[in-house]
Amino acid sequence: MNFKHLYYFWVTARAGGIMRAGEQLHTTPQTISGQIKLLEDWLGHDLFRKSGRQLELTEQGRLALGYADQIFSLGQDLESALRQVRGAPKRLDFRVGVTDSVSKSVAYRLLEPALSLDQPVKLLAREGTFDDLLAQLALQRLDLVIADEPMPKRVSVKAFNHALGRSDMSFFCSPGLQPRIKGQFPDCLDGLPMLVPGPTSSVRRQLDGWFARHQLTPVVVGEFDDAALMKAFGREGQGVFMAPSVLEKETCAQYDALVIGRTDELEEEFYAVSVERRISHPCVLAITDAARGQLFNG
């Protein structure tokens, strides 16, 4: 394969068109088109198709782009490693995946200790579904996966669960929604607009049973896989929302929210999943030690 042809394709796909790619590569659109055509001929597939006046990736083009991302990312890592100043401490690349259902605030609090090591660290964070991230872990494309549930036994990946901690859940609302809250918690939730986590969240599975036990029928106005988006809607007064109690003060400050109540009947657990049974990676050690000793202590 001629990697110059692949590079021209990669820049064009990332730039969103041949004209922009030409500006970045300081070459003519005709040259870029010719290079991409040679690559398509070699692969035996069209990588782009016209959509009006725009170019869009074909299915084969999206597949090729995924591989090109990995190839040129590795090339940049190689260049950085070889150009490192002699005598300078070696930089440690830490590749971590965070499942969609984990709050961004919790993810930051968990990962931040990895950036406080004496050794320079480059954090390469990816987000996705638990199954997709476990597949990348199995292929050694990730060093760690942060999730709100342990790796299920049905998954045939040789990896190990490391419990980080757990938190009770708190319920929040915006100041504008507060006048509609009547009575004691949790009865006050009955009939209120509610923003809930998506069905893939471990807390959501607990929540439905909790509503039934307390005979509560809130009006679910939104389901969200992204906890940050759910809180953003909550900040605008669209409904009551939940967050781990360990982040209660942070949630109130960041989203201008008020605490309605909290319960220990709902818990969110957090796990680090790695291919190591006994943790030796310095970043993973820093994360597990800080989580167990500070973030979730007590």
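Helices, of at least four residues, and strands, of at least two, are DSSP runs numbered from the N terminus, and the exercises below use these labels on a predicted model.

**Exercise 1.** Find where Gln-215 lies and decide whether this residue is buried or exposed.

*Solution.* Begin with the location: Gln-215 sits in the loop that runs between helix H7 (202-213) and strand E8 (219-224). Next, take the backbone, where phi of Gln-215 is near 55°, a positive value in a residue other than glycine. Most residues other than glycine have a negative phi. Finally, exposed means over 50% relative accessible area, and Gln-215, at 69% relative accessibility, therefore counts as exposed.

**Exercise 2.** Determine which parts of the chain are tied together by the salt bridge between Asp-226 and Lys-104.

*Solution.* A salt bridge requires a side-chain nitrogen of Lys or Arg within 4 Å of a carboxyl oxygen of Asp or Glu, and in this pair the closest N and O atoms are 3.3 Å apart. Because Asp-226 lies in the loop between E8 and helix H8 (227-235), while Lys-104 belongs to helix H5 (residues 104-111), the pair ties together parts that are 122 residues apart in sequence. Asp-226 is partly exposed, at 29% relative accessible area, and Lys-104 is also partly exposed, at 33%. Lys-104 and Asp-226 are further linked with Glu-127 in a network of salt bridges.

**Exercise 3.** Establish which kind of peptide bond joins Phe-185 and Pro-186, and where Pro-186 is found.

*Solution.* The bond between Phe-185 and Pro-186 has an omega of about 5° and is a cis peptide bond. Most peptide bonds are trans. As for location, Pro-186 is found in the loop between strand E6 (160-173) and strand E7 (193-197).

Definitions and conventions. Residues are numbered from 1 along each chain as its sequence is written. This is a predicted model: local features need pLDDT of at least 70, side-chain atom pairs count only at pLDDT 80 or more; totals for chains, interfaces and linings use all residues. Side-chain values use heavy atoms; hydrogens and water are left out. Buried means under 20% relative accessible area, exposed over 50%, partly exposed in between (1.4 Å probe, protein chains only).
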